[in-house]
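Ready for a few short exercises? Have your viewer open, try each task yourself, and then compare your reasoning with the worked solution.

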Amino acid sequence: MNPPEVRINPDRLLGDLHRLRGFGACGPGVVRQSLTPIDMESRRWLCERMREAGLEARIDGVGTVFGRSPRPGRALLIGSHTDTQPEGGWLDGAMGVIYGLEVARALAECPHTRDFAVDVASWIDEEGRFFGCLGSHSFCGELSDSAYDATDTEGNILRDALREAGLEGAAIERGDPARYIGYAEAHIEQGPWLEHEGKRIGVVTGIVGSRNLTVSVAGQQNHAGTTPMALRRDAGHALVEFAHRVYETFPEHAGERSVWTIGWMHLHPGFESIVPGSAEMNLQFRDQDVAVLDRLEAHAHALAAEANRQDRAQITVERARPPSIPALMDEGLRGHIETAAQRHASGDWVRMPSAAVHDAQVLARHMPASMMFVPSIGGISHAFEEDTAEEDLVLGCQVFATAAAGMLGA
Ligand SMILES: [Zn+2]
C-alpha cells in the first residue's frame, strides 16, 4: 500500500524561512547568536508560529523553543537550531526548525496523518556561543551545574545571559525517551559532496566524531640576533616543522573522508626580535570510524616522539578536551527517509556521513535518531554567502514530511 499523500505548502515554508532570516539579517547572511536580544525576539516569533500550528509552545529555562503536540500517543521529535555563528548563513539550523514546523502543519492537514503527534524543537546554542549543543544536552539531562558557568569569547557568563534574557526560573524541558519513536533532523549539508555528485538529498548514515589535541613546544627563549642558528632551541621552528609533518604524513593513516585542521598557532612571547621560547597549536581531526581516530591520535604522538629524538625543543601532545564520539543513525528511521527520497527524488539521493556536529549526535544517545541533508551551493557554510536553491529547499521538506509520516506509521 502506498503511504498517504502528505503535502507541504511551499509558499508557507519559504515565507517562514524568509521571516526568520529577517531577525538579525546582515546582507545575505544572519547574525543571531544565542540569547542575544535579536535571538530572543526570533524565539518569541517562533513560539507564536508553533502555537498557530496547534503546538503547545514555550521557551524553556535554557532558551530552547519547544512545541509540544497535544495529540495522544507516541510522538516524533523534530528539531535543529535557530542560533547562528558570529557570521552565519540564513539556513544553517533555521531550515531544520522551519521544516519541523511545516511538517507538523502538513501532517495536521492531511486526513490520514492528522492524529500523529510531532514535537518541534529549536535547541539553544548549537553553535556554541557558550556551550555547543546546550539545548539538546539539557533536554537529554546531560548538563551539569557547572555548565552554567560557561563563558562566551567576551567573558559573558551563561548564567547571567539567561537572566538577562528573562529566562531565570523558567522550567527546563526534559525529554522522556518513552514519549518518542525517535528524532529527525534536516540540515543543509554544509559541504560540497551533494552538489559535486549531482544529488539533491543526502541520507545521513552517521555523524563523525572528532579529537582535539593541543601540541605544546618547550624551547629556549633567546636573542634573535646573537643566538647562532646551530645553538637555538627555537620552539616556533619545531612547531612549524611538526605541522608540516602532520600534513605530509596524515594521508597515510587517514580514512577516505577523514579531515584534519590546525585552527590556531601561538608563539611566545610573539615578538620580532625574540627566538620563541614556547609555542602551541591545536590539531583537530574528524572521522566516522573510531579506529581511524585512534590511529590518527597515535600517529600524532609518534610524530612528537620522532621530533623529540632530535633533542632540540620538546614537543608534548595532549587532548584538549574529551573526544566527541561518532554517532550512528538509526537504520529503521533512515529507511523511511530513503523510501521518501526514492519517491520524490528517484535516483537523486545518496547515503553519506555528516562531517559536522549536530544536535542529532546528542539525541542519538537517548533515542533512535536520523538526519537528512539538502545541498549547499558551492559547499559554503558558516559564512554570509551560504545558500541552497529554492527548489531544493522545497523538495527537501517534501521528502522530510513523507519520511516523518512513514516513521509515525502512515
Ligand atoms: Zn547547524
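Two residues are in contact here if their C-beta atoms, placed from the backbone, lie within 7 Å. Please keep in mind that this is a predicted model.

**Exercise 1.** Work out which residues Asp-359 touches, not counting residues up to four places away in sequence.

*Solution.* Begin with the place in the fold: Asp-359 belongs to helix α10, which covers residues 359-363. Next, apply the contact rule and skip the sequence neighbours up to four places away; this leaves Gly-79, Ser-80, His-81, Trp-123, Glu-126, Cys-133, Ser-136 and Glu-185 as the residues that Asp-359 touches.

**Exercise 2.** Decide whether Asp-359 is buried or exposed.

*Solution.* The cut-off for a buried residue is 20 or more other C-beta atoms within 10 Å of its own. Asp-359 has 31 C-beta neighbours inside 10 Å, so it counts as buried. To place this in the whole chain, note that buried residues make up 47% of the 410 residues.

**Exercise 3.** Find the largest nonpolar core and look at the surroundings of Met-372.

*Solution.* The largest nonpolar core has 88 residues, and those with the most contacts inside it are Val-103, Val-118, Met-372, Phe-400 and Ala-404. Now take Met-372: leaving out residues up to four places away in sequence, its contacts are Ala-186, Ile-201, Gly-202, Val-203, Val-204, Ile-337, Gly-396, Val-399 and Phe-400. Apart from the largest core lies another one, of 21 residues, including Met-281, Val-292, Leu-296 and Ala-304. In soluble globular proteins, nonpolar side chains tend to be buried together.

**Exercise 4.** Describe how the protein is divided into domains and what the contact between them takes from each side.

*Solution.* First, the bounds: domain 1 consists of 10-208 + 326-407, and domain 2 of 209-319. Second, the spacing: their C-alpha centres are 37 Å apart. Third, the contact: 5 residues come from domain 1 and 8 residues from domain 2. Finally, sort the domain 1 side by class, which gives 4 nonpolar, 1 polar and no charged residues.

**Exercise 5.** Is the protein as compact as a globular protein of that length, or less compact?

*Solution.* Start with the elements: there are 11 helices and 18 strands. The radius of gyration is 24 Å, close to the 22 Å that the globule rule gives for 410 residues, so the protein is as compact as a globular protein of that length. For the outline, the C-alpha trace spans about 85 × 50 × 40 Å along its principal axes. As a last step, consider contacts with a separation of 6 or more: residues 24 or more positions apart account for 77% of them.

Note on methods: Residues are numbered from 1 along each chain as its sequence is written. This is a predicted model: local features need pLDDT of at least 70, side-chain atom pairs count only at pLDDT 80 or more; totals for chains, interfaces and linings use all residues. Domain bounds come from an automatic or database domain assignment. Ala, Val, Leu, Ile, Met, Phe, Trp, Tyr, Cys and Pro count as nonpolar, Asp, Glu, Lys and Arg as charged, and the others, Gly among them, as polar. Helices (H or I, at least four residues) and strands (E, at least two) are DSSP runs, numbered from the N terminus. The radius of gyration is taken over C-alpha atoms; the globule rule is 2.2 Å times the number of residues to the power 0.38. A residue is buried if 20 or more other C-beta atoms lie within 10 Å of its own, exposed if 12 or fewer, and partly exposed in between; C-beta atoms are placed from the backbone. A nonpolar core is a set of buried Ala, Val, Leu, Ile, Met, Phe, Trp, Tyr and Cys residues joined through C-beta atoms within 7 Å.
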